[in-house]
Amino acid sequence: ADLPVLRCRVGIHCGCVLVGNYGCTEKMDYTIIGDPVNLASRLEGLNKKYSTTIMISEEVHNSPEVEETFVTRLLGRVAVKGKSVGVDVYEVVGFRAQVQPEAVDAAELYSRATRAFLEGNFSEALELLERYPYNEPAVSDLRASSLEYLQRPPAEPWDGTEVLSEKY
């Protein structure tokens, strides 16, 4: 049977949370509470901005199991609404064993361009993006930001954090 494709976005972060039944006898609700839940929710929504489907935080990315199992690409550093500290965010491209070598190379190239941008090396970011084989909204955004900062350098100290003023 030809079923329609179901598309969804996922945000993944890890940390300590409170889980359980909360409320009173008249109204009880099973829920989860904590900053890690809020960040995961923001990452899920942030997928729209980057035109991605699975976004993970740096903390999840840096676990050995993730690095061994998945191909990822660094998308940027964001401080979600209500936070002042940035978190590096990554797209999960796919299972390492199933991703074509060209896509692995492209993900690594894009990650290098993003890292150069975060370090304030805007010329290097642009040079790397020139070699990136895919035309995606995230590439256009990174290229435009790099060009803008080459013309008008950002205020110091620079760490590349994009402070988000809205919830995604």
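**Note on a predicted model: helix α6, the largest pocket and their surroundings**

1. Asp 141, with a relative accessible area of 41%, is partly exposed, because its value falls between the limit of under 20% that defines buried and that of over 50% that defines exposed. The residue belongs to helix α6, and although Asp 141 and Lys 49 are 92 residues apart along the chain, 9.9 Å separates their C-alpha atoms. All of this should be read with the reminder that the structure is a predicted model.

2. On the overall architecture, the protein contains six helices and seven strands, and these elements follow one another along the sequence in the pattern β-β-β-α-β-α-α-β-β-α-α-α-β. The pattern thus opens with three strands before a helix appears, and a strand closes it after three helices in succession. Taken along the principal axes, the box filled by the C-alpha atoms is roughly 60 × 50 × 30 Å.

3. As for packing, 36% of the 168 residues in the protein are buried. Among contacts with a sequence separation of 6 or more, 60% link residues that stand 24 or more positions apart. The surface that the protein exposes amounts to about 10,500 Å², of which carbon and sulfur atoms supply 52%.

4. The charge count gives 17 positive and 26 negative side chains, and a distance of 6 Å lies between the centres of the two sets.

5. The largest pocket deserves a point of its own, and it holds about 300 Å³ of space. Its lining is made up of 19 residues, and those closest to the centre of the pocket are Lys 49, Tyr 50, Phe 117, Ser 145 and Glu 162. The elements that each supply at least two residues of this lining are α1 (35–50), β5 (70–79), α4 (101–118), α6 (137–151) and β7 (161–163). Helix α6, with five residues, provides the largest share of the lining.

6. Two backbone details fall in loops and may merit a look. Ser 51 has a positive phi of about 55° although this residue is not a glycine, and its place is in the loop between α1 and β4 (54–57). In the loop between α6 and β7 lies Pro 157, and the peptide bond that leads into this proline from Glu 156 is cis, with omega near -5°.

7. Turning to helix α4, Thr 114 is one of its residues, and because its relative accessibility is 1%, Thr 114 counts as buried. If neighbours within four places in sequence are set aside, Thr 114 is in contact with Leu 74, Leu 75, Gly 76 and Leu 142. Since β5 spans residues 70–79 and α6 spans residues 137–151, these contacts of Thr 114 can be followed in the model from the helix to both of those elements.

8. Leu 109 also has its place in helix α4, and at 9% relative accessibility this leucine counts as buried. Not counting residues up to four places away in sequence, Leu 109 touches Leu 128, Arg 131 and Tyr 132. Leu 109 and Arg 73 are 36 residues apart along the chain, and their C-alpha atoms are separated by 8.6 Å.

9. Leu 126 is found in helix α5 (residues 122–130), and it is buried because its relative accessible area is 12%, where the limit for that class is under 20%. Once residues up to four places away in sequence are left out, Leu 126 touches Arg 143, Ser 146, Leu 147 and Leu 150. Between the C-alpha atoms of Leu 126 and Tyr 50, which stand 76 residues apart along the chain, the distance is 18 Å.

10. Leu 150 lies in helix α6, and with a relative accessibility of 41% it counts as partly exposed. Apart from neighbours within four places in sequence, Leu 150 is in contact with Phe 122, Ser 123 and Leu 126, so that the contact with Leu 126, itself a buried residue, can be checked from either end. Leu 150 and Lys 27 are 123 residues apart in sequence, and from C-alpha to C-alpha they are 56 Å apart in space.

Notes:
Residues are numbered from 1 along each chain as its sequence is written. This is a predicted model: local features need pLDDT of at least 70, side-chain atom pairs count only at pLDDT 80 or more; totals for chains, interfaces and linings use all residues. Side-chain values use heavy atoms; hydrogens and water are left out. Helices (H or I, at least four residues) and strands (E, at least two) are DSSP runs, numbered from the N terminus. Buried means under 20% relative accessible area, exposed over 50%, partly exposed in between (1.4 Å probe, protein chains only). Contact means heavy atoms within 4.5 Å. Accessible areas come from the Shrake-Rupley method with a 1.4 Å probe; for residues, only the protein chains shown count as cover. Lys and Arg count as positive and Asp and Glu as negative; His and the chain ends are not counted. The place of a charge is taken as NZ of Lys, CZ of Arg, CG of Asp or CD of Glu. On a 1 Å grid over the protein atoms alone, a cavity is a set of points where a 1.4 Å probe fits but cannot get out, and a pocket is an open set with protein on both sides within 12 Å along at least five of seven lines; lining residues have an atom within 4 Å of a point. Grid points are joined across faces, edges and corners, and a volume is the space filled by probe spheres set on the points.
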